[in-house]
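Colleague: Please take a close look at the core of this model. Set out the chain as a whole beforehand, and add some single positions in loops for contrast.

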Amino acid sequence: MRALLTPRARLAVWPDLTDDIEAVRAAVLGSQRLELLVQQHPGRIPWARLAEPWMGCADLAHPMIGSGPGSRAGLVPLAPADRRALLSGVLPDADGVVRARWRTNRTPADERRTLLGSLRTGDVVTGTVASGLDDVGVHVHLDVEHERGLPLGFLRVPEMSWEYFEDVAEVAPIGRRIRAEVLHVDLEWESVALSVKALSPAPWRPFAEALRTGDTLPGTVTRTIPFGVFVRIAPGVEGLVHESEFAGRTFEAGDDVRVTLLAVDLERRRIGLSPAPEA
């Protein structure tokens with residue numbers, strides 16, 4: 001360490017690590033700010049990583065905060081306003097004079113981490129679709145981002161719409177403005193998982209609960225699969241007509257049909273249908 005202490009080096013002396021591992025785990029679980037988890041084990045080089053609440057769980061198969069003889073750990077806040085160092089300073093220049101600025105400009109990385117630390121699950125954000133990732137999802141530039149670098153938001157296909165769609169470009173083309181709920185903030189990968197669906201009630205359950213076995217209703221075939229066809233019977237609600245119910249009839253995507261309700265599985269979100277007898 002002494003070889004690294006050159007003139008103009010910034011120094012901060014923090015409280016020593018503690019061997020009270022349970023206290024550190026509890027602090028990580030309850031932390032509401034961006035912090036660095038520092039750990040030291042006998043015979044190993046100390047290491048640090050961004051602390052996330054799940055790391056404080058002691059019942060994991062391999063706890064992230066290890067315990068045992070000689071193990072020590074501690075938390076260091078990353079936001080300057082939260083830091084409480086025991087002592088800080090700047091080493092003198094070679095001529096013995098201390099020269100320092102009043103303030104150091106924040107970097108884009110500092111801004112990103114501060115933003116990520118401020119977001120919580122359930123927050124509602126707005127943004128613009130920036131790019132797509134095949135059929136996995138799309139990257140989203142959040143309006144709260146200070147710098148237009150890599151987009152922080154990511155909207156996966158299952159979270160885009162309650163309605164079935166063939167192509168991501170139908171619901172989330174590049175350049176589209178979206179409003180979404182924060183599902184999860186990944187501090188390590190600097191990514192925010194989003195959901196557009198979460199901001200509107202699920203149409204499936206109330207519609208399915210209002211149906212009765214034997215009800216007949218109109219629908220539209222949305223797609224065919226090897227063992228049957230899916231039929232949309234309401235916005236965001238589809239049921240399956242199994243091939244065993246075809247009775248010699250054929251169906252193509254786009255066909256308007258009348259179907260009879262056979263069964264509703266609320267837990268698995270499945271509706272069984274049968275073609276209604278032709279008039």
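Modeller: In the charge count used here, Lys and Arg are positive and Asp and Glu are negative, while His and the chain ends are left out. On that basis the chain carries 32 positive and 38 negative charges, and the mean positions of the two sets lie 8 Å apart. The model is a predicted one.

The overall dimensions come before the core. The chain has a radius of gyration of 28 Å, whereas a compact globule of 279 residues would have one near 19 Å. Along the principal axes, the C-alpha atoms fill a box of roughly 100 × 45 × 30 Å. The secondary structure consists of four helices and 15 strands. Of the contacts with a separation of 6 or more, 60% join residues 24 or more positions apart. Buried residues account for 32% of the 279 in the chain. About 17,300 Å² is exposed, and 55% of that area comes from carbon and sulfur atoms.

Now the core itself. The largest nonpolar core contains 24 residues, and those with the most contacts inside it are Val138, Leu142, Met160, Val192 and Leu194. Two or more residues each are given to this core by helix H2 (108-118) and by strands S6 (124-133), S7 (137-142), S9 (177-186) and S10 (191-195). The most comes from S9, which gives four residues. Apart from this core there is a second one of 18 residues, with Trp204, Val221, Val231 and Phe246 among them.

The helix in this list can be followed in more detail. Leu115, Leu116 and Gly117 are buried in H2, and the buried residues of this helix pack against S9 and S10.

The loop between S9 and S10 holds Glu190. Glu190 counts as buried because its relative accessible area is 18%, and the cut-off for that class is under 20%. The backbone at Glu190 has a phi near 50 degrees, a positive value in a residue other than glycine. As background, a negative phi is found in most residues other than glycine.

A second residue with a positive phi is Ala247, where the angle is near 55 degrees, again in a residue other than glycine. Ala247 sits in the loop between strand S13 (237-242) and strand S14 (256-265). Ala247 counts as exposed because its relative accessibility is 72%, and the cut-off for exposed is over 50%. Glu190 is thus buried, whereas Ala247 is exposed.

Another loop shows both classes. His41 lies in the loop between strand S2 (35-40) and strand S3 (47-50), and Arg44 is also placed between S2 and S3. His41 is classed as buried because its relative accessible area is 13%. Leaving aside residues up to four places away in sequence, His41 touches Trp47, Gly66 and Ser71. Arg44, by contrast, is classed as exposed because its relative accessible area is 59%. The C-alpha atom of Arg44 is separated by 35 Å from that of Leu150, which is 106 residues away along the chain.

Methods:
Residues numbered from 1 in each chain as written. Predicted model: local features only at pLDDT ≥ 70, side-chain atom pairs only at ≥ 80, totals over all residues. Heavy atoms only, no water. Buried < 20%, exposed > 50% of the residue type's maximum accessible area, 1.4 Å probe, protein only. Contact = heavy atoms within 4.5 Å. Rg over C-alpha atoms; globule rule 2.2 N^0.38 Å. Areas by Shrake-Rupley, 256 points an atom, 1.4 Å probe, with all protein chains shown as cover. Charge placed at Lys NZ, Arg CZ, Asp CG, Glu CD. Core = buried A, V, L, I, M, F, W, Y, C linked by side-chain atoms within 4.5 Å.
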